[in-house]
Amino acid sequence: MGRHRKQSPATIKRSSVIALTGLVPAGFVAVAASAGSVDQTAMSVLQHNSGDDQDDQGPRPAAVAEPATAEFVAHAMAKSAPTAPPIVKTVALPDGRQPAALAPGPLGIPGVAIAAYQNAERTLAAENPVCGIPWYLLAGIGRVESTHAFGGKADADGNPLTPVYGPVLDGSLAGNHVVHDTDGGALDGLSGYDRAIGPMQFLPETWKRYGADGNGDGIADPQNLFDAALTAGKYLCDGGLNMRDLTQQTRAILRYNNSMAYVANVMAWAGSYASGVAPKPGDLPRI
């Protein structure tokens with residue numbers, strides 16, 4: 001497991017995708033139904049759910065307008081990654097950088113964040129079409145992990161104005177693992193213990209394995225939104241998983257954080273970004 005956070009609460013079991021009952025936002029059921037490509041197992045689970053929460057991952061519903069994609073495609077950082085393996089490191093940047101001026105997307109999602117998620121979707125559609133991961137699933141992860149780099153506080157190149165770090169995993173915070181240092185502090189700036197890094201909150205060891213260059217500069221920087229979004233997609237898709245299949249999508253998100261409440265939150269936000277309808281409080285159980 002490459003993630004950094006809590007095990008599933010005692011009241012939430014991981015035994016099967018049926019554990020999503022009552023944790024899958026109702027709005028996402030409609031997205032799945034309209035997509036028509038979720039397999040029968042997935043649909044039977046959706047029908048079993050109470051309707052208070054939900055999870056799915058079919059193709060983007062045709063009825064939902066794509067948010068200002070052309071503007072984001074034209075963005076200087078939304079370009080193809082080089083073929084050579086990227087250098088894994090965190091780039092030191094000067095203070096005083098200004099936040100990106102891109103217009104926000106659905107539900108106020110920061111423009112630079114949605115540019116990164118859509119760029120990752122396009123890249124993975126070409127590199128791994130079996131996975132079929134949509135930008136709004138990555139947006140769900142980004143919303144839960146860092147609120148899209150603290151509400152889009154990132155420059156036009158996708159670099160947060162201040163680095164994004166999780167808590168130190170030294171056992172002092174209840175519910176978190178103890179993770180001893182794996183990178184000598186090169187990525188997370190710490191020795192002794194690790195902490196999650198960047199807007200998509202990867203552990204250093206996981207980043208070293210999956211780190212991707214989403215902005216074509218030859219570097220896989222966990223703090224950069226474009227790099228982090230593409231790496232998150234690669235991580236979710238790893239092992240031949242198909243994000244159009246509810247069971248496989250659930251497995252992928254549990255790989256990110258072994259909590260069914262976490263799955264419900266990610267899928268609730270993903271469904272909301274796809275539909276433009278904000279999640280209800282009942283769709284967002286406490287993680």
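Throughout these legends, two residues are in contact when their heavy atoms lie within 4.5 Å. The model shown is predicted.

**Figure 1. G142 and its contacts in helix α5.** Let us begin with a glycine that sits in helix α5, G142. G142 is buried, and its relative accessible area is 0%. Setting aside neighbours within four places in sequence, G142 is in contact with Y117, T147, H148, P199 and M200. Y117 and M200 will come back in the next view, as both are among the residues with the most contacts inside the largest nonpolar core. One further distance to look for here is that between the C-alpha atoms of G142 and I114, which are separated by 9.8 Å and stand 28 residues apart along the chain.

**Figure 2. The largest nonpolar core of the chain.** Which residues have the most contacts inside the largest nonpolar core? They are Y117, I133, W135, M200 and Y256, in a core of 54 residues. Two or more residues each are given to this core by α4 (111-127), α5 (135-152), α6 (204-210), α7 (225-237), α8 (246-256) and α9 (260-275). As general background, nonpolar side chains in soluble globular proteins tend to be buried together.

**Figure 3. A disulfide between C131 and C237.** The structure holds 1 disulfide, and this view is centred on it. The bond joins C131 to C237, with an S to S distance of 1.9 Å. The link of C131 and C237 is left-handed, with -70 degrees about the S-S bond. Why does this pair tie together parts that are 106 residues apart in sequence? C131 belongs to the loop between α4 and α5, while C237 belongs to helix α7, so the disulfide bridges that separation. Are the two cysteines buried or exposed? C131 has 0% relative accessibility and C237 has a relative accessible area of 2%, so both fall under the 20% cut-off and count as buried.

**Figure 4. E121 reaching the backbone of W135.** Here we look at E121, placed in helix α4. Its side chain reaches the backbone nitrogen of W135 at 3.5 Å. With 16% relative accessibility, E121 is below the 20% cut-off and therefore counts as buried. W135, at the other end of this contact, is also one of the residues with the most contacts inside the largest nonpolar core.

**Figure 5. Helix α9 and its two ends.** At the N-terminal end, S259 caps α9 through a side-chain oxygen that lies 3.3 Å from the backbone nitrogen of A261. Just after the helix, G276 takes a positive phi of about 80 degrees. How far should the 16 residues of α9 span? At 1.5 Å a residue the expected value is 22 Å, and because the end C-alpha atoms are 22 Å apart, the two agree. Between its ends, α9 is mostly covered, with 15 of its 16 residues buried.

**Figure 6. The chain as a whole, for orientation.** To place the close-ups, it helps to step back to the complete fold, which comes to 9 helices and 2 strands. Read from the N terminus, the elements follow the order α-α-α-β-α-α-α-β-α-α-α. Of the 287 residues in the chain, 52% are buried. The chain exposes about 11600 Å², and carbon and sulfur atoms supply 56% of that area. Among contacts with a separation of 6 or more, 71% come from residues 24 or more positions apart.

Methods: Residues are numbered from 1 along each chain as its sequence is written. This is a predicted model: local features need pLDDT of at least 70, side-chain atom pairs count only at pLDDT 80 or more; totals for chains, interfaces and linings use all residues. Side-chain values use heavy atoms; hydrogens and water are left out. Helices (H or I, at least four residues) and strands (E, at least two) are DSSP runs, numbered from the N terminus. Buried means under 20% relative accessible area, exposed over 50%, partly exposed in between (1.4 Å probe, protein chains only). Accessible areas come from the Shrake-Rupley method with a 1.4 Å probe; for residues, only the protein chains shown count as cover. A nonpolar core is a set of buried Ala, Val, Leu, Ile, Met, Phe, Trp, Tyr and Cys residues joined through side-chain atoms within 4.5 Å. A disulfide is a pair of cysteine sulfur atoms within 2.5 Å. A polar contact is a pair of N or O atoms within 3.5 Å; within protein, one must be able to donate a hydrogen and the other to accept it, and residues adjacent in sequence count only if both atoms are side-chain atoms. The expected span of a helix is 1.5 Å times one less than its number of residues.
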